[in-house]
Amino acid sequence: KLTKTIFSLLILLCCLLSNTFAQEILVNVHGRKTQSLNGKWDAIIDQYDQGRKNKIYLNKKPVGKTDFYEYSFDAGLKLNVPSDWNSQLPELKYYEGTVWYAKHFDVPKDHIGRLFIYFAAVSYRCKVYLNGKEIAEHEGGFTPFQVEVTDLVKKTDNFLVLEVNNTRTTDAIPAKSFDWWNYGGITRDVMLVSTPKVYIHDYFIQLDKHRNNQINAVVKIAGSQVNVAVTVELPELKIKQKLVTDQRGIARASISNVKQLQRWSPESPKLYNVRISTAEDMINEMIGFRNLAVKGTGIYLNDKPVFLKSISFHEEIPQRKGRAFSEADAVMLLSEAKALGCNMIRLAHYPQNEYTVRAAEKMGFLLWEETPIWQGIDFENQETRKKAGTMIKEMVMRDKNRCALSFWGMANETQPSKARNEFLKYLIKCTKEIDSTRLITAAFDLVKFDRNRQCFVMDDPFIKELDVVAINKYMGWYHPWPVTPDKAIWDVARNQPLIISEFGAEALYGKTGDADTASSWSEDYQAQLYKDNLEMFKHIPNLRGISPWVLFDFRSPFRFHPTYQDGWNRKGLVSDQGFRKKAWYIIADYYKNIN
Ligand code: GCB
């Protein structure tokens, strides 16, 4: 009986906590009334994790003559927000641990209604304290979260503290080791978001998956408010639709017979102003409309077959040796992809910031966005699975209105097992609960050469769960050629569309050498490898796109060679200094000539 009572009390406690802790994220914070909390924050490096015990979030000052505190946020280290901490101070380059951040803020003078603090991303885990009280926690370095502070703020001089930790652990996502830099800190924007009392919490507006003249809209009002009048307008198309919310606070409409809709495409990335309003609230957003489908082994965009000319990049500005965080950063990365002739970006290996996603849509790139489920994830761990589910929901919630978003990537390079299958199926379920319209994919590295059949094959039944199969294959780099490239025939996922989601080789910019010797680390070897792979691609009958690895050299603790790598993965088509390597021109030429 006692156990039962304790159990019930625990459940009650969990329910109470889950109400106060991070909530389902607000869609389109950029379209709301916001006040930035970016800028210089006070910081304390807490190498031994002593800050919580010392309650440094209380920010106490000595009062009596015997009183003292062994900390102060005043006059100490200052860190930029947003930004990783590693690139801000030489001592923090390799730091993995805890840093405390603090900032004072006033509530905007004209604020009425509800108030949220929105964190676009904090890497990797964090606790949030406001005016001395813990109010939220979050895990996952690449997705947003928010906490409502309506009843917790004072008019002036609020004291916001974040305890940020980027220690790598086996139960985390990504896990213990991964081929990119483990940047820590408040890496994306922080903002105060004001909404009316009854506000538009969420909406999902897109072209019907099967019709090119029907726009479907779902709007959700916070607090499940019934009978709220909602208007959805697209002034340019002369659409004004009035809806009313049901018991769950949700209003739906299928706006049919839409006339003169210009569909979004990479060649013509047309976006429309969409206005959603209630008596109290109004949000505007630029939204595009397009049809995307798989038929047989084809991928169709606006009813026409499309070949994906993709590239990947990490969320990193190589010249700054730091994480990308601004619109200017996004434009820098994307412009290089535009120059290469791409029509798609595979955002590797995690959801990147919203500036990048929105700028990519405006510039005309299809997008593949994925979770940081990279090699080494603990698929047996139920907690890890739960975390992955939350992360993928945060990703889909944030970007579901971006018509450029075409692929939800579940994982990268996982090995078959019952636990892996269950885990990934759960992620597909979490994704489809929010958005069942995008194509589901995952990248695998299991393709092998079958000597009897003299072709490349793959044995992972999980691919049946996917709309599009993606293969990472490093022919000529990690795998020697078993036959010459012109004889490299593929029989992989025969009845599904296939994308080569990674291939490539390392080359140090400016290094010349033998085009047939990998250890020359030369641009010549990399260029020849690209030519060979492009030759092989002619023998993949269901090939519907390629995504070379990778646009820029990027920093990685996996890369030890002192002369050629020096802490950099050199597979970039562009060097860390921004110079194009020989292989860049080969891909630019290929993309120019393939349709
Ligand atoms: C891969 C991974 C990617 C690595 C790349 C490499 O298969 O998906 O994250 O960076 O190989 O360079 O080894």
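## From strand pairs to domains and ligand

In β10, the bridge partner of S36 is M191. This pair belongs to a predicted model, and it is a convenient place to enter the structure. Strand β1 covers residues 33-36, and strand β10 covers residues 190-195. The two strands run antiparallel and are joined by four bridges.

The pairing of β1 with β10 is part of a wider arrangement. Four strands make up an open sheet, and their order across it is β1-β10-β5-β8. The pairing in this sheet is antiparallel. At the edges are β1 and β8, the latter at residues 145-148, and each of these edge strands has a partner on one side only. From one strand to the next, the twist averages 25°. In general terms, the strands of a sheet pair through backbone hydrogen bonds, in either a parallel or an antiparallel sense.

Further along the chain is another antiparallel pair. Strand β16 (residues 272-277) is joined to strand β17 (residues 282-287) by six bridges. At S277, the residue standing opposite in β17 is M282. Four residues lie between the two strands, and β16 and β17 together form a hairpin.

How is the protein chain divided into domains? Domain 1 consists of residues 20-62 and 69-195, domain 2 of residues 200-289, and domain 3 of residues 294-593. Between the C-alpha centres of domain 1 and domain 2 the distance is 33 Å. Their contact draws on six residues from domain 1 and seven residues from domain 2. On the side of domain 1 that touches domain 2, two residues are nonpolar, three are polar and one is charged.

For residues 293-532, UniProt carries an annotation in an unreviewed entry: "domain: Glycoside hydrolase family 2 catalytic". Over residues 293-532, helix accounts for 29% of the chain and strand for 24%. The C-alpha atoms at the two ends of this stretch are 31 Å apart.

The last part of the picture is the ligand. Which residues are around it? The residues around the ligand are D179, H349, N412, E413, D445, N472, E502, W549, N569 and K571. By class, this shell contains five charged residues, four polar residues and one nonpolar residue. The nonpolar residue is W549, because Trp counts as nonpolar while Asp, Glu and Lys count as charged, and His and Asn fall among the polar residues.

Definitions and conventions:
Residues are numbered from 1 along each chain as its sequence is written. This is a predicted model: local features need pLDDT of at least 70, side-chain atom pairs count only at pLDDT 80 or more; totals for chains, interfaces and linings use all residues. UniProt positions are given in the numbering used here, feature names are shortened, and annotations may be inferred rather than shown by experiment. A residue is near a molecule or strand if its C-beta atom, placed from the backbone, lies within 6 Å of it. Two strands pair if DSSP finds at least two bridges between them. Axes are lines fitted to C-alpha atoms, for helices over the stretch in contact, and angles run from 0 to 180 degrees between N-to-C directions. Domain bounds come from an automatic or database domain assignment. Two residues are in contact if their C-beta atoms, placed from the backbone, lie within 7 Å.
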